[in-house]
Amino acid sequence: MFEGVKTSTLLDRDPRLEDVMCSLDTVGKMPKAISGEIREAVALARRFNDTVARPYALELDRKMQEDPTYLPWDLIKEANRWGFYTGWIPKIFGGKGWNLGSMIPVVEELCSVCAGIGNLIGVQYFGISILFAGWNLRVIDKVCREVIEGERSGEPCLVSGLVTEPGAGTDAEEVELLSKANVKCQARKVEGGYVVNGTKVFISNGHVSTWHMLIAYEDLNRPAETMILFAVKNGMKGFSFGRMEKKMGQKGCPASEMVFEDCFIPDENVCINAEQMEGLKRGPRESGMQLIDFVVSLTRPGVGAMGAGVARGAFETALQFAREKEVDGKLLINQEWAQSLLAEMYKNVALARLTYMECNHVTGLYGMASLLNIKPLYYYMKGMPVSMLDRIMPAANKMDATTKIYRKLIMDGQTDEEARRASGWASLSKFAGTDLGIKNCHLALELMGQAGLRQDRWAEKFLRDSKLLQIYEGTNQLNRLNLFKCLVAPGVPEARVFEE
Ligand SMILES: Cc1cc2nc3c(=O)[nH]c(=O)nc-3n(C[C@H](O)[C@H](O)[C@H](O)COP(=O)(O)OP(=O)(O)OC[C@H]3O[C@@H](n4cnc5c(N)ncnc54)[C@H](O)[C@@H]3O)c2cc1C
């Protein structure tokens, strides 16, 4: 086709091209069945929206406004019955093994009706991602079994993720910032385990979860080098729930304070500590942050997808309004300014979706779940009879060596370039999607006038819900800096990011 033109430079792997077009590499590698799985999962979320979420979302928002201590167990039990809390747990741990690529399109779908309900379901996988990031098969197996049993018995078993502290939010998620962070949650080694003291705040689903994936630090002066990941269960002595936050939006999803006062956590609940990270090629400091990066590389595009969902909800609300409202004797939908505004909103949804889908390709290739997308393994796991699981897992349990092999394979297997790309794209999709979400809420209110401010017309709720998305999983400001660090600075030798 390009006779006389030397194309080999284009066909060679070129990091500049890989950085901007990650899907290029994925298209050929992705197991075909994944697209069908995405369709099925989104269809399920649509049915859930139509029968459960949409009829209830405004009422739940008002209920939580009146009584911020109300816990939405009715909704959680319903989501549990629909299988959302076990869907993306791999089959080998007893879950349904839905492909991870289908998770964030589902999150968009749920948030197109209510971001609070979207978080009530989606944040389960923030907790589960932290659990998996430690790669301790024994603890993973223990927690996952209870989550699966929670679905079977109808008594939901949820998992929350505890990173943020009263004095440390953004800086608890970045290795360069963590070194100077004002973290206070300390774990002191004692015989048979650790004693933990400290407080975590703004923990989504805290009060309604059974397991809590806790990040603490052995030496508060060297948090990055001494990070420990624990699995804490309700009822452990010294662990209690504090207040529930009264927040402006996403009221359907509780945000909790969690308190540790001389809380003894046995060694068997340690997922990973600095000593275990010593054996990894990056050492404790970098491996600890790789662990956080593994998690946020999966969950930040999820927040971007929440932004896409809110952007879509606002668009659909505005579209409906334009079809009903007459101005100057003419329907809004037939006025050019309104058509152009709606086209802008449609574009915002599409852009938000494109960035999180591109990021989906990146995490499928380079993140901690990349193994799940290797074709033979993917089809093996998909076809694996559930009865085999119990034969495999207890054997793995006995061998902590298996944990070590897994950890080495996943953590040491990831190159610095892959890590940087995954982290940069996760930040990109997070701030792009959430900024576009809020943009569409403003446009919806612009189009709707006073009707948009009414509590029964959805638009004001979308706006309240969307602001929170710009803040959690690292503020959008921080995510911009992280994108610069990961995707711009490597080509600019004089650039310095997060400098002392
Ligand atoms: C609804 C909700 C749910 C949440 N759920 C969870 C959860 O389940 N688990 C959990 O662990 N946490 C959770 N969080 C906490 C969330 O992750 C943090 O709020 C977020 O990381 C930001 O931290 P911060 O609020 O402490 O802000 P800060 O870090 O105090 O930031 C304050 C301001 O300073 C800026 N800033 C901070 N550092 C820098 C820097 N180095 N350079 C430039 N600017 C900087 C920020 O951009 C921001 O504008 C939740 C938060 C909310 C609102």
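Which domains does the domain assignment of the protein give? The assignment, which is automatic or taken from a database, gives domain 1 (27–156), domain 2 (160–278) and domain 3 (283–491). The model is predicted, so that local features need pLDDT of at least 70 and side-chain atom pairs count only at pLDDT 80 or more, while totals for chains, interfaces and linings use all residues. Residues are numbered from 1 along each chain as its sequence is written.

The centres of domain 1 and domain 2, taken over C-alpha atoms, are separated by 23 Å. Their contact (C-beta atoms, placed from the backbone, within 7 Å) takes 26 residues from domain 1 and 22 residues from domain 2. On the side of domain 1 that touches domain 2, two or more residues each come from H4, H5, H7, helix H8 (124–133) and helix H9 (137–153), with the largest share, five residues, coming from H7.

Helix H4 (residues 33–66; helices are DSSP runs of H or I of at least four residues, strands runs of E of at least two, numbered from the N terminus) has 34 residues and reaches 46 Å from its first C-alpha to its last. A kink of about 50° in H4 is centred on Asn49, the bend being the angle between axes fitted to the seven residues ending at a residue and the seven starting there. Asn49 is also among the buried residues of H4 (20 or more other C-beta atoms within 10 Å of its own, C-beta atoms being placed from the backbone), and these buried residues pack against helix H5 (73–81), helix H6 (103–111), helix H7 (115–122) and helix H19 (459–469).

Terms used:
The expected span of a helix is 1.5 Å times one less than its number of residues. A residue is buried if 20 or more other C-beta atoms lie within 10 Å of its own, exposed if 12 or fewer, and partly exposed in between; C-beta atoms are placed from the backbone. Two residues are in contact if their C-beta atoms, placed from the backbone, lie within 7 Å.
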